[in-house]
Amino acid sequence: MALENYEKFKTDILRLTKIDLNAYKEKQMRRRIETLIGKNNIKTYDEYVKLISNDKEKFDEFVNFLTINVSEFYRNPDQWAVLDKEVFPDLINKFGKKLNIWSAACSTGDEPYSLVMALSKFMPLSGIRITATDIDKQVLDKARIGLYNEKSIASVPDDLKKKYFTKVGPSYQISDEIKKCVNFKEHNLLRDPYPANLHLIVCRNVVIYFTDEAKDEIYKKFHKSLEKGGALFIGSTEQIINYKDIGFSRAKSFFFNKE
């Protein structure tokens, strides 16, 4: 399908959704969008814009489709072991037990809920508060419901699985006491203001989908949001080549400290 006038489409989408498609790698994103448009039996971008302007379900489908939702609890367990054995003790030593943590682009909640469970070894749940954000309302709704399949929770340590999950049919429901520790909010990494005075930012396997310019901007804003000595935890598919220029030091693979 050869759809024309993608530039106008990007402008229309920005107006409609506040999502700036210029920040995404064009070839990859355009291919995904054209697949979705084709599924709706539509021939032009203008027709599709009209459809999502007038149909809330189709609008939500579009935003959901744009969002990369590959998520699981304790993804890359060896990195969570570093968080557990080194990063959390270091942050608690520097800032005390009242840590200010942001899970950015949190998708369906697997990551912030994993953070709560990991932190529960160091402090009572009543002392844990995590801000979790994503651009996609639908995944935030899923996160608030907290129902996951078996594959999603495969890497959760057995003791925590037993303690904080209840089997519901083929799925697993996370406990309300874990849910209460996370505040989910809608947030666009490319447009909205960032939280401040943070001790830890976790943003994994999301920035990879952005252009180099957008990545650079995001990492600089993360740096600004952190307290001196705070940490940034990125995904195993990502690297920050110019981390020293931004003002980070590398603590371990995928962990950076604000100098």
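Colleague: What makes Cys106 count as buried in this predicted model?

Modeller: Its relative accessibility is 1%, and buried means under 20%, so Cys106 falls within the buried class. Cys203 is likewise classed as buried, because its relative accessibility is 1%.

Colleague: How do you know that Cys106 forms no disulfide with Cys203?

Modeller: A disulfide requires two cysteine sulfur atoms within 2.5 Å, whereas the sulfur of Cys106 lies 10 Å from the closest cysteine sulfur, that of Cys203, and is therefore too far away for a bond. Seen from Cys203, the nearest cysteine sulfur is that of Cys106, 10 Å away, and Cys203 is in no disulfide. Under this rule the count of disulfides is zero.

Colleague: Why is Ala105 called buried?

Modeller: The relative accessibility of Ala105 is 18%, and since the buried class takes values under 20%, Ala105 is counted as buried. Ala105 sits in the loop between β1 (101-104) and α6 (110-119).

Colleague: What makes the backbone at Ala105 and at Asn76 worth a remark?

Modeller: Most residues other than glycine have a negative phi. Ala105, which is not a glycine, has a positive phi of about 55 degrees, and Asn76, also not a glycine, has a positive phi of about 60 degrees. Asn76 belongs to the loop between α4 (56-66) and α5 (77-95).

Colleague: Why are β6 and β9 called edge strands of their sheet?

Modeller: The sheet is open and has seven strands in the order β6-β2-β1-β7-β8-β10-β9, with mixed pairing. β6 (182-186) and β9 (248-252) each have a single partner strand, so one side of each is left without a neighbour in the sheet. On average, neighbouring strands of this sheet are turned by 20 degrees against each other, with direction ignored.

Colleague: How do you know that β8 and β10 pair?

Modeller: Pairing asks for at least two bridges between the strands, and three bridges join β8 (residues 226-234) to β10 (residues 255-258), so the condition is met, with the two strands running antiparallel. Phe233 has Phe255 in β10 as its bridge partner.

Colleague: Which helices pack on the sheet, and which strands do they touch?

Modeller: α6 packs on the sheet and touches β1, β2 (130-134), β6 and β7 (198-203), its direction making about 150 degrees with that of β1. Helix α7 (residues 137-145) also packs on the sheet, where α7 touches β2 and β6 and its direction makes about 165 degrees with that of β6.

Colleague: What makes β3 and β5 a pair, and where do they stand in their sheet?

Modeller: β3 and β5 (residues 171-174) are joined in the antiparallel sense over two bridges, and because at least two are needed, they count as paired. They belong to an open, antiparallel sheet of three strands in the order β3-β5-β4, whose edge strands, β3 (147-148) and β4 (165-168), each pair on one side only. Tyr148 stands opposite Tyr172 in β5.

Colleague: Which residues touch the most other members of the largest nonpolar core?

Modeller: That core has 42 residues, and Phe73, Leu83, Leu115, Met117, Phe165 and Leu200 touch the most other members; its largest share, seven residues, comes from α5. Leaving aside neighbours within four places in sequence, Phe165 has contacts that include Phe73, Met117, Tyr148 and Tyr172. Another core, of 41 residues, lies apart from the largest one, and among its members are Ile37, Tyr194, Cys203 and Tyr243.

Conventions
Residues are numbered from 1 along each chain as its sequence is written. This is a predicted model: local features need pLDDT of at least 70, side-chain atom pairs count only at pLDDT 80 or more; totals for chains, interfaces and linings use all residues. Side-chain values use heavy atoms; hydrogens and water are left out. Buried means under 20% relative accessible area, exposed over 50%, partly exposed in between (1.4 Å probe, protein chains only). Helices (H or I, at least four residues) and strands (E, at least two) are DSSP runs, numbered from the N terminus. A nonpolar core is a set of buried Ala, Val, Leu, Ile, Met, Phe, Trp, Tyr and Cys residues joined through side-chain atoms within 4.5 Å. Contact means heavy atoms within 4.5 Å. Axes are lines fitted to C-alpha atoms, for helices over the stretch in contact, and angles run from 0 to 180 degrees between N-to-C directions.
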